[in-house]
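Reader: Hey, got a minute to walk me through this fold? I'd like to go through it piece by piece before I set anything up.

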Amino acid sequence: MKINEKNLSMFATTPPSDLEGYLNKRGEVNKSWQRRWFVLKGNLLFYFEKKGDKEPIGVIVLEGCTIELAEDGENYCFQIVFHGTNNRTYYLCAENQEVMEKWMKALTCAGYEYMKLMVSELQRQLGELDEKNAESETQSSSITPKPPPRRQNPFNRVAPAPPVPSSKEQSRPCQKSPAEPSSSSEATSGSQQNIQQPETDGFFKSIHEELGKSFVKEKNRRKTEEVTTKKEASLIDL
């Protein structure tokens with residue numbers, strides 16, 4: 001259909017857009033292929049004579065239609081088929097397979113019916129997730145949680161029990177180990193230490209006595225010498 005409304009023209013030329021690019025469009029009357037610039041915005045497919053035009057020369061409302069491959073025509077062609085009586089079919093052709101698949105996918109997802117189906121599918125998946133979460137919560141609430149296992153300190157080890165002597169070991173007499181000294185040897189060693197201690201004390205005592213005697217003898221000798229020297233000095237003075 002032909003349009004000239006300013007608001008719709010402004011909407012068509014205002015970015016952003018879902019998809020845009022050049023496609024070949026077959027005319028309705030003369031059936032010739034013409035190169036047009038297409039812009040997809042929502043469920044509206046605008047086409048311009050060339051890129052950069054301010055107003056579109058036509059628009060296709062993508063509701064109540066299907067996107068199908070074209071059986072007749074050139075390569076990489078597809079068609080927008082509107083079902084019902086006296087409805088037009090638009091034939092479009094792309095440059096290669098990749099561009100054709102991209103346009104067919106975008107046009108198929110642009111209709112309101114497709115959006116409605118997607119929303120209902122997402123709601124169904126969300127409901128299933130809610131049911132699973134509710135079931136898991138009920139199961140977890142019914143099961144009593146077990147406390148975690150208690151960790152033991154590896155240093156708190158129980159001392160091993162002493163070995164129980166057999167009947168043969170109990171019947172044997174107690175034998176002293178050679179390393180343990182007997183009570184008699186300890187007594188003899190103690191008496192030897194007591195004997196050695198007074199011997200050393202008497203030795204030092206005798207040394208002190210001899211030195212003291214010599215010191216006293218020397219002291220008396222010096223006193224006598226001083227007395228004799230004083231007498232001689234007095235005689236000399238006389």
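Reader: Where is P16 found?

Author: P16 sits in the loop that runs between helix 1 (6–13) and strand 1 (19–26). Keep in mind that this is a predicted model.

Reader: Ok. And what kind of peptide bond joins P15 and P16, cis or trans?

Author: A cis one, with omega at about 5°.

Reader: Good to know for my setup. Switching to the sheet: what's the strand order?

Author: The order is 4-3-2-1-7-6-5, in an open sheet of seven strands with antiparallel pairing. Strand 4 (58–61) and strand 5 each have a single partner strand, so they stand at the edges and one side of each lacks a neighbour in the sheet. On average, neighbouring strands here are turned by 35° against each other, ignoring direction.

Reader: How many bridges join strand 1 to strand 2?

Author: Eight, and the two strands run antiparallel. To give you some register, R26 is opposite W33 of strand 2, and Y22 has W37 as its bridge partner in that strand.

Reader: And what's in the turn of that hairpin?

Author: Six residues separate strand 1 from strand 2 there, and K31 in the turn has a positive phi of about 60°. K31 isn't a glycine, by the way.

Reader: Which other non-glycine has a positive phi near 60°?

Author: Y76 does. You'll find Y76 in the loop between strand 5 (65–69) and strand 6 (77–82).

Reader: How accessible is Y76?

Author: Its relative accessibility is 35%, which is why Y76 counts as partly exposed.

Reader: Back to strand 1. Which of its side chains are buried?

Author: L19, G21, L23 and K25 point to one face and are buried. On the other face you have E20, Y22, N24 and R26, which are not buried. That's in keeping with the usual rule: in a regular strand, side chains alternate between the two faces of the sheet.

Reader: Hm, K25 on the buried face. What stands opposite K25 in strand 7?

Author: L92. Strand 1 and strand 7 (residues 89–93) pair in the antiparallel sense, over two bridges.

Reader: How about strand 2 and strand 3, how many residues are between them?

Author: Two, and the strands form a hairpin, with G42 in the turn showing a positive phi of about 70°. Five bridges hold that antiparallel pair in register, and one of the partnerships is K41 with L44 of strand 3.

Reader: And at the strand 5 end, what does strand 5 do with strand 6?

Author: They pair in the antiparallel sense over five bridges. T66, for example, has V81 of strand 6 as its bridge partner.

Reader: Where does helix 1 lie?

Author: Helix 1 lies across strand 2, strand 3 (44–48) and strand 4, and runs at about 90° to strand 3.

Reader: Now the core. Which residues have the most contacts inside the largest one?

Author: L45, F78, I80, W103 and L107, out of 20 residues in the largest nonpolar core. Strand 1, strand 2, strand 3, strand 6, strand 7 and helix 2 (97–108) each give two or more residues to this core. The largest share, four residues, comes from helix 2.

Reader: What does L107 touch?

Author: Leaving out residues up to four places away in sequence, L107 touches L40, L45, L62, I67, F78 and I80.

Reader: Which residues does the second core include?

Author: A12, V39, F46 and V59 are among them, in a separate core of seven residues. As a general background point, nonpolar side chains tend to be buried together in soluble globular proteins.

Reader: Last topic: D53. Where is D53 found?

Author: In the loop between strand 3 and strand 4. A polar atom of the D53 side chain lies 3.1 Å from the backbone nitrogen of K50.

Reader: And what else is D53 in contact with, beyond its neighbours within four places in sequence?

Author: T13 and F48.

Reader: Great, thanks. I'll start with the cis bond between P15 and P16 and then look at K31 and its positive phi.

Definitions and conventions: Residues are numbered from 1 along each chain as its sequence is written. This is a predicted model: local features need pLDDT of at least 70, side-chain atom pairs count only at pLDDT 80 or more; totals for chains, interfaces and linings use all residues. Side-chain values use heavy atoms; hydrogens and water are left out. Buried means under 20% relative accessible area, exposed over 50%, partly exposed in between (1.4 Å probe, protein chains only). Two strands pair if DSSP finds at least two bridges between them. Axes are lines fitted to C-alpha atoms, for helices over the stretch in contact, and angles run from 0 to 180 degrees between N-to-C directions. Contact means heavy atoms within 4.5 Å. A nonpolar core is a set of buried Ala, Val, Leu, Ile, Met, Phe, Trp, Tyr and Cys residues joined through side-chain atoms within 4.5 Å. A polar contact is a pair of N or O atoms within 3.5 Å; within protein, one must be able to donate a hydrogen and the other to accept it, and residues adjacent in sequence count only if both atoms are side-chain atoms.
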